[in-house]
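Here's a quick briefing to read with the model open beside you. Take a look at the structure first, then we'll go through its ligand sites, rings and a few odd residues.

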Amino acid sequence: MKTELYVYTGTGNSLWVARQLIVELKEAALEFMPYLSGDLEVEADRVGIIFPVHIWGLPARVIRFINHLKMKPETNFFAVAVNAGQPAATLLQLQKLMSTRKLSLSLGYSIVLPSNYIPWGGPGPVETQQRLFRNAQDKVKAIAQAVLTGERKKVDRGPLWQNIPFSWFYKMSFRHVPKMDKKFWVDDKCNGCEICFKVCPAGNIEMKNEKPSWLHRCEQCLACIQWCPQEAIQYGKKTVKYQRYHHPEVILQNMLDQANAFGAGNLKPR
Ligand SMILES: Cc1cc2nc3c(=O)[nH]c(=O)nc-3n(C[C@H](O)[C@H](O)[C@H](O)COP(=O)(O)O)c2cc1C
Ligand code: SF4
Ligand code: SF4
């Protein structure tokens with residue numbers, strides 16, 4: 001049975017989950033989730049979709065991906081929504097979206113990993129992060145088992161108190177995401193290395209006078225702020241004092257590979 005995993009990531013958590021799944025599933029191919037403008041024909045019998053929860057819902061890239069998928073009707077889907085403890089109704093949203101395309105999600109899991117949402121703070125103490133990594137590894141094993149045995153069950157979801165208000169908030173904020181980059185700024189530590197420009201999966205950064213400038217088609221993945229080696233990118237006022245984060249087993253080259261797969265890495269600095 002041919003299995004393909006499609007992953008989208010800002011700071012490597014989702015990529016790490018996908019890699020762990022590949023180990024458990026034995027034979028599966030890993031692809032970065034492309035930003036599709038035309039249909040994508042996927043021949044696999046089983047497709048896994050692994051992505052971060054953004055503002056209590058699906059990132060735009062995931063929605064676009066599903067909307068452009070061309071699949072065999074019998075294809076088996078599973079999904080992992082990687083989050084920092086509040087998956088809300090993201091997997092229900094995915095399930096509904098897929099049903100409008102006559103695709104069926106057999107399994108949908110939440111995995112909690114350290115938060116990369118730096119406007120609200122750092123990733124938390126190292127011991128807590130390590131506990132989350134261990135728990136995630138156990139959950140990946142259970143997910144792989146369910147996938148391999150062809151199970152179907154209800155998708156993971158947050159409690160109602162979370163889903164109702166936050167799904168509403170998601171709907172209200174979704175269309176504003178591309179312009180949320182207006183809060184990025186760069187401090188004196190910037191040395192013009194262009195890593196932010198290269199790592200952005202959306203081609204949303206240009207270099208002007210050796211400094212990054214944001215183009216308002218942002219996906220809020222936060223790769224730029226989290227991977228800047230000088231910690232020179234800030235978002236609003238508070239990030240100056242917050243610790244940066246990326247998954248410890250994911251390296252910059254992996255992120256550059258993702259950006260290149262999107263074609264963003266081929267853009268030239270202006
Ligand atoms: C814009 C943005 C919004 C986020 N919203 C949520 C959220 O609603 N609930 C949650 O639990 N985590 C949220 N997070 C945290 C990420 O889902 C979490 O850190 C995830 O592990 C990041 O995965 P990645 O490294 O693959 O990008 C958000 C992160 C970003 C960047
Ligand atoms: S990654 Fe950081 S140091 Fe390098 S150009 Fe971007 S902001 Fe400047
Ligand atoms: S500008 Fe930064 S936050 Fe926005 S899509 Fe690019 S890397 Fe992600």
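Let's begin with ligand 2, which has 14 residues around it, the closest being C190, C193, E194, C196 and C228; a residue is near a molecule if one of its heavy atoms lies within 4 Å of it. This is a predicted model, where local features need pLDDT of at least 70, side-chain atom pairs count only at pLDDT 80 or more, and totals for chains, interfaces and linings use all residues. Residues are numbered from 1 along each chain as its sequence is written, chains are lettered from A and ligands numbered from 1 in the order in which they are written, and side-chain values use heavy atoms, with hydrogens and water left out.

**Ligand 2 and C228**

- By class, the shell around ligand 2 splits into 10 nonpolar, three polar and one charged residues. Here Ala, Val, Leu, Ile, Met, Phe, Trp, Tyr, Cys and Pro count as nonpolar, Asp, Glu, Lys and Arg as charged, and the others, Gly among them, as polar.
- C228, one of the closest residues to ligand 2, sits in the loop between α7 (223-227) and β11. Helices (H or I, at least four residues) and strands (E, at least two) are DSSP runs, numbered from the N terminus.
- C228 is buried, because its relative accessible area is 11%; buried means under 20%, exposed over 50% and partly exposed in between, with a 1.4 Å probe and protein chains only.
- In sequence, C228 and I195 are 33 residues apart, yet their C-alpha atoms are 6.5 Å apart in space.

**Ligand 3 and its cysteines**

- Around ligand 3 there are 14 residues, and the closest are C200, N204, C218, C221 and C224.
- That shell around ligand 3 comes out as 11 nonpolar, two polar and one charged residues.
- Two of the cysteines listed as closest to ligand 3 can be checked for burial: C200 counts as buried because its relative accessibility is 9%, and C224 is buried as well, at 7%.
- How many disulfides does the structure hold? Zero, where a disulfide would be a pair of cysteine sulfur atoms within 2.5 Å.

**Ligand 1**

- Ligand 1 is surrounded by 22 residues, with T9, G10, T11, S14 and W56 the closest.
- What is the make-up of the shell around ligand 1 by nonpolar, polar and charged residues? It has nine nonpolar, 13 polar and no charged residues.
- Oxygen atoms of ligand 1 come up against polar backbone atoms of the protein: 2.7 Å for G10, 3.3 Å for G85 and 3.2 Å for P114. A polar contact is a pair of N or O atoms within 3.5 Å; within protein, one must be able to donate a hydrogen and the other to accept it, and residues adjacent in sequence count only if both atoms are side-chain atoms.
- On its own, ligand 1 has 640 Å² of accessible area, and the protein covers 96% of that (Shrake-Rupley method, 1.4 Å probe; for residues, only the protein chains shown count as cover).
- Two elements, α1 (13-25) and β6 (76-83), give two or more residues to the shell around ligand 1.
- N13 is found in helix α1 and is buried, because its relative accessible area is 7%. The side chain of N13 reaches the backbone oxygen of P114 at 3.0 Å.

**Aromatic rings**

- Searching the whole structure turns up nine aromatic pairs. Rings of Phe, Tyr and Trp (its six-membered ring) pair if their centres lie within 6.5 Å; planes under 30 degrees apart count as stacked, over 60 as edge-to-face and the rest as tilted.
- F184 and Y235 make an edge-to-face pair, 4.9 Å centre to centre with 70° between the planes.
- F184 belongs to strand β8 (residues 184-186) and Y235 to strand β11 (residues 233-235), so their pair ties together parts that are 51 residues apart in sequence. Both F184 and Y235 are buried.
- Ring pairs also link W56, Y117, W120, F166 and F169 into a cluster.

**Loop residues to look up**

- Most residues other than glycine have a negative phi.
- A88 has a positive phi, near 50°. A88 lies in the loop between β6 and α3 (90-100) and is buried, with a relative accessible area of 0%.
- H216 also has a positive phi, near 65°. Its loop runs between β10 (211-214) and α7, and H216 is partly exposed because its relative accessible area is 35%.
- Is H247 buried or exposed? H247 counts as buried, at 1% relative accessibility, and its place is in the loop between β11 and α8 (252-262).
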